[in-house]
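The following note is offered to a colleague who is beginning to read protein structures. Please keep the model in view while going through the numbered points.

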Amino acid sequence: MSVTPVDPTQPYDSDNIFAKILRGEIPSTRVYEDEWAVAFEDIAPVAPIHVLVVPRGAYVSWDDFSQNAPAQEVAGYVKAIGNVARQLGLVEDGYRLINNIGPDGGQIVPHLHVHLLGGRTMGPMLTGQ
Ligand code: 5GP
């Protein structure tokens, strides 16, 4: 996998790895899907539960999505993230959502995704420098 940070202003690249996962060209362990979003296990989990929730639509980043997605699609995606957490039984103990945007955010894959982390206490919000 390339570790080049995403330029959040770049046009959408339909050959990105999550686009291929959405099309079923690359295998993934799906845990949820609906009209608006698909969720699958992260290939390199950093918590007992580490799921990526991606919109079906072609958006590079949260910036792209929040500017350009129709309201119905925004609502569908936000609700899907909540549905995934509930389906995984994470509400009582809690969980963490992370969205990385661009170089400072640490975004590597240029298709919008929210990391849903759970199954342990997450600790401080940031541990990097
Ligand atoms: P980012 O840094 O862009 O927010 O996070 C990208 C995430 O995608 C990383 O946590 C990485 O482990 C995950 N990832 C990268 N390639 C693949 C893949 O081919 N399959 C899955 N399931 N996850 C991937």
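1. The first point concerns the polar contacts of the ligand. A nitrogen atom of the ligand lies 2.9 Å from a polar backbone atom of E41. Please note that this model is predicted. A nitrogen atom of the ligand is also 3.3 Å from a polar backbone atom of I43. For an oxygen atom of the ligand, the partner is a polar backbone atom of I108, at 2.7 Å. In each of these three contacts, the protein atom belongs to the backbone.

2. How much of the ligand does the protein bury? Taken alone, the ligand exposes 520 Å², and the protein buries 88% of that area.

3. The next point is the shell around the ligand. There are 17 residues around the ligand, and those that come nearest are D42, G106, I108, H113 and H115. I108 thus appears both in this nearest group and in the backbone contact with a ligand oxygen atom. By class, the shell holds ten nonpolar, five polar and two charged residues.

4. Which elements each supply at least two residues of this shell? They are helix α1, residues 17-22, and strand β2, residues 37-41. The element that gives the most is α1, with three residues. E41, whose backbone contacts a ligand nitrogen atom, falls within the range of β2.

5. A separate matter is the empty space in the protein. Rolling a probe the size of a water molecule over the atoms shows where such space is left. The second largest pocket contains about 320 Å³ of space. Its lining consists of 14 residues, and R96, I98, P124, M125 and L126 lie nearest the centre of the pocket.

6. Which strand provides the largest share of the lining of the second largest pocket? Strand β4, residues 96-98, does so with three residues. By class, this lining comprises eight nonpolar, four polar and two charged residues.

7. The last point concerns annotation. In an unreviewed entry, UniProt lists residues 17-127 as "domain: HIT". Over residues 17-127, the chain is 31% helix and 22% strand. The C-alpha atoms at the two ends of this stretch are 27 Å apart.

Key. Residues numbered from 1 in each chain as written. Predicted model: local features only at pLDDT ≥ 70, side-chain atom pairs only at ≥ 80, totals over all residues. Heavy atoms only, no water. Near = heavy atom within 4 Å. Polar contact = N/O pair within 3.5 Å; in protein donor to acceptor, adjacent residues only side chain to side chain. Areas by Shrake-Rupley, 256 points an atom, 1.4 Å probe, with all protein chains shown as cover. Helix = DSSP H or I, 4+ residues; strand = E, 2+ residues; numbered from the N terminus. Nonpolar A, V, L, I, M, F, W, Y, C, P; charged D, E, K, R; others polar. 1 Å grid on protein atoms, 1.4 Å probe; cavity = no way out; pocket = protein on both sides within 12 Å on 5 of 7 lines; lining within 4 Å. Points joined across faces, edges and corners; volume = space filled by probe spheres on them. UniProt positions renumbered as here; feature names shortened; annotations may be inferred.
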